[in-house]
Amino acid sequence: MDQPQDMVLSLLAFGAAHSVNAVEKKDRKKGIEQANQLGRALKVNMPDWFETTGDSYFKHVNRTTIELSVAEARGSEAELSVRAAAKKSEAVAIADRLVAGTGWIPSPLRIAPAEAEQELGAERIAENEQFPQAAE
């Protein structure tokens, strides 16, 4: 605690980063909530920290995902120009150009609103209720 404030804050950030699991797996429904809660508390705006480009995203997903991403970011007409590309590399270049400057980010990078997590929590509770409460 005798360190300068910027050093203490850096150490706290390092500790928090290693204690929050933000990996969302298909077979695990818990974990991402912590990252979402932290993101909301810190008022993190992910588009300030991540830009969706060909290199950062589109090269790593299939063509269908590229088309859906462009449709979400720019509309169905923009999606058609990606669909018309003959090769994936062309689709990546078109998507990169169309999405640039929109602030669109892939869903795994989005911080879920609190309401969405509350609904998910209620569903999870309902799934886990295997036994009715015993009568007294």
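## A guided tour of a six-helix chain

Of the 136 residues in the protein chain, 24% count as buried, where buried means under 20% relative accessible area, exposed means over 50%, and partly exposed lies in between (1.4 Å probe, protein chains only). This is a predicted model, so local features need pLDDT of at least 70 and side-chain atom pairs count only at pLDDT 80 or more, while totals for chains, interfaces and linings use all residues. Residues are numbered from 1 along each chain as its sequence is written, and side-chain values use heavy atoms, with hydrogens and water left out.

**Start with the whole chain.** Switch to a cartoon view and you will find six helices and zero strands, running α-α-α-α-α-α from the N terminus on. Helices here are DSSP runs (H or I, at least four residues), strands are E runs of at least two, and both are numbered from the N terminus. Now turn on the surface: the accessible area comes to about 10300 Å², and 55% of that belongs to carbon and sulfur atoms. Such areas come from the Shrake-Rupley method with a 1.4 Å probe, and for residues only the protein chains shown count as cover.

**Next, select 76-83 and 88-99.** These are helices α4 and α5, whose axes come within 8 Å and cross at roughly 155 degrees. Axes are lines fitted to C-alpha atoms, for helices over the stretch in contact, with angles from 0 to 180 degrees between N-to-C directions. α4 and α5 are therefore roughly antiparallel to each other; that label needs an angle over 145 degrees, while under 35 is roughly parallel, 65 to 115 roughly perpendicular and the rest oblique. Show side chains to see Ala78, Ser81 and Val82 of α4 meeting Ala91, Ile94, Ala95 and Leu98 of α5, a contact being heavy atoms within 4.5 Å.

**Stay in α4 and pick Arg83.** Which residues share a salt-bridge network with Arg83? Glu67 and Glu79 are linked with Arg83 in that network. A salt bridge here is a side-chain nitrogen of Lys or Arg within 4 Å of a carboxyl oxygen of Asp or Glu. Arginine 83 pairs with glutamate 67, with 3.4 Å between the closest N and O atoms. That pair links distant parts of the chain, α4 and α3, 16 residues apart. The other partner, glutamate 79, meets arginine 83 at 2.6 Å, N to O; these two are four residues apart in helix α4, and so separated by about one helical turn. Colour by accessibility and arginine 83 shows as partly exposed at 45%, whereas glutamate 67 is buried at 13% and glutamate 79 is buried at 12%.

**Then jump to Arg110.** The whole structure has four salt bridges, and one of them joins arginine 110 to glutamate 72 at 2.8 Å, N to O. Arginine 110 sits in the loop between α5 and α6 (114-128), glutamate 72 in helix α3, 38 residues apart. Arginine 110 is partly exposed at 32%, as is glutamate 72 at 48%.

**Look inside at Ser69.** Is this serine 69 buried or exposed? With a relative accessible area of 4%, serine 69 is buried. From helix α3, serine 69 touches Tyr57, Phe58 and Trp104, not counting residues up to four places away in sequence.

**Finish outside at Trp49.** Tryptophan 49 lies in the loop between α2 (32-41) and α3 (63-74) and is exposed, at 69% relative accessibility. Add Leu38, Leu42 and Val44 to your selection: with Trp49 they make a nonpolar surface patch of about 430 Å². Patches are made of residues with over 30% relative accessible area and no salt bridge, joining like charges within 9 Å and nonpolar side chains (Val, Leu, Ile, Met, Phe, Trp, Tyr) within 5 Å.
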